[in-house]
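User: Could you take me on a close look at one part of this protein? I'd like to hear about the enclosed space inside it and what surrounds that space.

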Amino acid sequence: MLSNHLQNGIETARLVWSRLPNSDDEALDEVGLSKKSDGSRSESLDYEVIENNAYREEQAQRRKLMVGYYVGVKWFFALLIGIGTGLAAVFINISVENFAGWKFQLTFSIIQKSYVAGFLVYILFNLLLVFSSVYIVTQFAPAAAGSGIPEIKGYLNGIDTHGILLFRTLIGKIFGSIGSVGGGLALGKEGPLVHTGACIASLFGQGGSTKYHLSSRWLQVFKSDRDRRDLVTCGCAAGVAAAFRAPVGGVLFALEEVTSWWRSQLMWRVFFTSAVVAVVVRTAMGWCKSGKCGHFGSGGFIIWDISDGQEDYSFEELLPMAIIGVIGGLLGALFNQLTIYITYWRRNYLHKKGSRVKMIEVCLVSLITSVISFGLPLLRKCSPCPEVELNSGIECPRPPGMYGNYVNFYCHKDNEYNDLATIFFNTQDDAIRNLFSAKTIHEYSAQSLLTFLVMFYSLAVLTFGTAVPAGQFVPGIMIGSTYGRLVGMFVVNFYKKLNIEEGTYALLGAASFLGGSMRMTVSLCVIMVEITNNLKLLPLIMLVLLISKAVGDAFNEGLYEEQARLRGIPLLESRPKYQMRKMTAKEACGNKKVVYFPRVVKVADVVSILRSNEHNGFPVIDHTRNGESLVIGLMLRSHLLVLLQSKVDFQHSPLPSDPRGGGKPISKGISIDDIHLSSDDLEMYIDLAPFLNPSPYVVPEDMSLSKVYNLFRQLGLRHILVVPRASRVIGLITRKDLLIEDNENSETVELQSTSVRARRQDRKASVREADAEHPLLNGLLVKEYSSS
C-alpha cells in the first residue's frame, strides 16, 4: 500500500516537472501573452497633471465637500495600508518562526539517536521549503524574485517595471519569503516586506485586482499615477516599519532611499501609516505571548535589546571603531561587486536556459547551505560552559533552535556548548541576538567567528540573485556583527577593561556593513537605534556609517543602484553627471526626427504612426493664419489608444471642432493590436485639441543639460519639449506673484508682476505676433522607456 502511494507520488512529480516551461519565453504574463518572465519590460509613469478640457471641467465641478472626501479617502487608504502590511508581516513572521521551530525541534529530537538521520531530515525539510518558494516564483509570480527594492525605487523614480505591483506578485512575495527564509537560505525577509507593502498600497490605489475578481468600485477613487505614487511610498515605509518595528526608521527609509519626490503632506500620511503598522505589530505580539502562535514568541520579530550592554566608551576605543567602519566599507563594496558579476552571469547565461535551471540552482544552493550549517559545527570542539550569575538570565547549555546562547550540539558532556552551532545551526534572528548579547565575553572563539564570516559571506553572495524572494538586511547584519564581535574580542584583550562589551562592537559592525553595501546613513542609523533600544550608541553608529559609506563610495555605487542598473531600470539619481554641464538640451536631442501630429489628424495616420514606433508622447502642431507652425501641446500614446478604442470622438470633417470635455478613463493595458477599426473608421478624423496637454514643460534649446536634468527629476516629468529661444517676453513672474491668499477671489487678484502693464488688446496682439514668429520646435527630449 505504501509502495503504491510512493509510486503515484513519483509519477505525479514527473508529470508536473515535464509540464514546466523549459524557456522563459513560454511563461505567460498577466494577460496571457508570451513574454519574458524576468519583468524586464519597463515604461515611464505619467506623474504630470494634464490640464486639458476634461481636467478643467472636473476641477470646476469639484466642490469643497468633494475635496474633503478625496483627502479623507487618502487617509483612510493610509490606514488600510498600515493594517494590511502589519498583518502580512505578522503572518510571514509567524510562519517562518513556526517552520524553523518545527525543523530544529524535529532535527534535535532525531540527532539524539542518530546524527546521520537528523542530517537527512534537516536537508529534506529545507529543500521542501525552498522548492516551494522557487516553484511559486518561477511558475506563478516571476516579478516576486529578489528583494523588490530596486524595482520599487524605480517606480517612485518614474519607471514602471512590468508585473512588480500585481496581486500575484504580492502572493508570491509573501509565500515565497516564507519558504526561502524558513528554508535556512542566507537571505532575509525585510526587503520583500518593503515590496509587499508597496504591492498592498498599489492594489488599494487601483481599487483591487480585476483579474482575480477582488476589486470594488468604491475603492477606485485614484486614477492618476501621482496618487498611486504617494500610496506606494506609504507602503514602502510600512514595510520597513513592520520588518524592524521601527516606524521612524520606515519614514526616513522612504525619504532617503526610495523616493525621488517628497512633500510635507505626504510626510504626514507616511508617518501615520508607520504608526498604524507599529500598533498592529505590537498588538499581534502581545496576543502571541500567550502561546497561541506556536513557536513564535519573544524572538519572532527582529529587535535586539542591548540596553543593558556597554554603558559608556572611552576615547581609546574610537580607533578600533573607525577600523570597523573601514572594514565595513571594504567588505560592503566587495559584496556589491561580487553580486554584480554573479548576477550578470546568471541573467545572461544561466537563467536564459529556463525555469527548470532556476529551480535546480536554488535547490543546489539550499543543499550547500544545509550541509555547511549542519556539517561545520560537527567539526568544532565543544567548550565547557562558563560560570554564569544566577540572575543573569543566561542558561548554559541550551538545545539548538531555542532562544538563547550556548547551544549544545554534538557535545559529549551536558555542561558543554558549541559556539559555532550557536550562530550557524540557528535562525538568523536568534543568531544575531546571540552575537549582540552582552555579559557573554569569551563565548565565541576567533576561529569560529572567522569560519562563520567566510562561509556565510560566501553563501550570501551566492544566494543573492536566485529566483526566490530575498532581502539583504539580515544577512548584512549577520556578516557585520560577526567581524564586529571579532574586533571587539581583540579590543577586550588589548585594553583589559571590564566595561567593554563584545556585543557593542557587533552592533557597530552590523551598521558598518549595511552602510558599506547599501550606502544609507540617516534612516539606517535610526533603524539600528530603534531595533537595539540603546540611544547611547547613536554617535558611534553615526561614526561608523559615515566612514563605511565614504570607503564604499570610493569603489562602486550602492547595492540597490547597482542591481537596478543590471535589471535595466533607468534610475535618475539625485545629481546629474558632471559632463552634463557642458551639454545643451539640443545636443541631448541629437538628430532624431520628431514624430508629431497635426491638430486634426486622420485615424489611419494615427494608427500608422502608433504601429511604426513605440513613443509614448507626441507633439501636436497647428498652423496659424500666416501659415506658420505652432506647437499647441503634447498628446500621450495612452490617450490616443483610448480615443481609437471608444470611436466616440471620430468626425467626418477635417476641420477643428468646438472644444469639449468628456474625459475618458485611461487604461494602460490597451495595445494598438487590441483595437479593431473598420475601413470607414480609418477614413475619419480626430480633433486632438480637447485631449492633449496644452501646457507641457518647455525648455530653450541652449539650456544646459544639467538644468534640464534637475527640472525633469524634481518635477517627475516624462517629456520635455525643446524649442528655439523665444524672441518676445509677455511677463515675468516673481515670488510675490505666487503668494495668493486662500480667501481671495482668483478672478480679482492683481498679480504684483514686474512685467510691463499693457492693455489687454495689445497683449493679445503681441501674443499672436509671438506665435507667428515662433517656428516649429526643433527637438523633443524624451525621457521615457518603453518595451524596446
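Analyst: Happy to help; here is a walk around the largest cavity, with a short look at the cores afterwards. Please keep in mind that this is a predicted model.

A search of the whole structure turns up six cavities of 30 Å³ or more. The largest cavity holds about 320 Å³ of space, and 31 residues line it. Nearest its centre you will find Gly-184, Leu-185, Asn-426, Thr-427 and Gln-428. If you sort the lining by class, 15 residues are nonpolar, eleven are polar and five are charged.

Several helices share the work of enclosing this space. Those giving two or more residues to the lining include helix 4 (115-139), helix 6 (167-182), helix 12 (355-378) and helix 13 (419-424). Also among them are helix 14 (428-436), helix 15 (446-463) and helix 16 (473-495). Helix 3 (64-111) belongs to this group too, and with five residues it gives the most to the lining.

Now for the packing. The largest nonpolar core has 123 residues, and Phe-436, Phe-473, Met-528 and Ile-541 touch the most other members. Setting aside neighbours within four places in sequence, Met-528 is in contact with Leu-507, Ala-510, Ala-511, Leu-514 and Ile-541. There is also a second, separate core of 24 residues, including Phe-597, Leu-641, Leu-643 and Ile-675. Two of these names return in helix 23 (residues 637-646), where eight of ten residues are buried; Leu-641 and Leu-643 are among the buried ones.

Conventions:
Residues are numbered from 1 along each chain as its sequence is written. This is a predicted model: local features need pLDDT of at least 70, side-chain atom pairs count only at pLDDT 80 or more; totals for chains, interfaces and linings use all residues. Side-chain values use heavy atoms; hydrogens and water are left out. A nonpolar core is a set of buried Ala, Val, Leu, Ile, Met, Phe, Trp, Tyr and Cys residues joined through side-chain atoms within 4.5 Å. Buried means under 20% relative accessible area, exposed over 50%, partly exposed in between (1.4 Å probe, protein chains only). Contact means heavy atoms within 4.5 Å. On a 1 Å grid over the protein atoms alone, a cavity is a set of points where a 1.4 Å probe fits but cannot get out, and a pocket is an open set with protein on both sides within 12 Å along at least five of seven lines; lining residues have an atom within 4 Å of a point. Grid points are joined across faces, edges and corners, and a volume is the space filled by probe spheres set on the points. Helices (H or I, at least four residues) and strands (E, at least two) are DSSP runs, numbered from the N terminus. Ala, Val, Leu, Ile, Met, Phe, Trp, Tyr, Cys and Pro count as nonpolar, Asp, Glu, Lys and Arg as charged, and the others, Gly among them, as polar.
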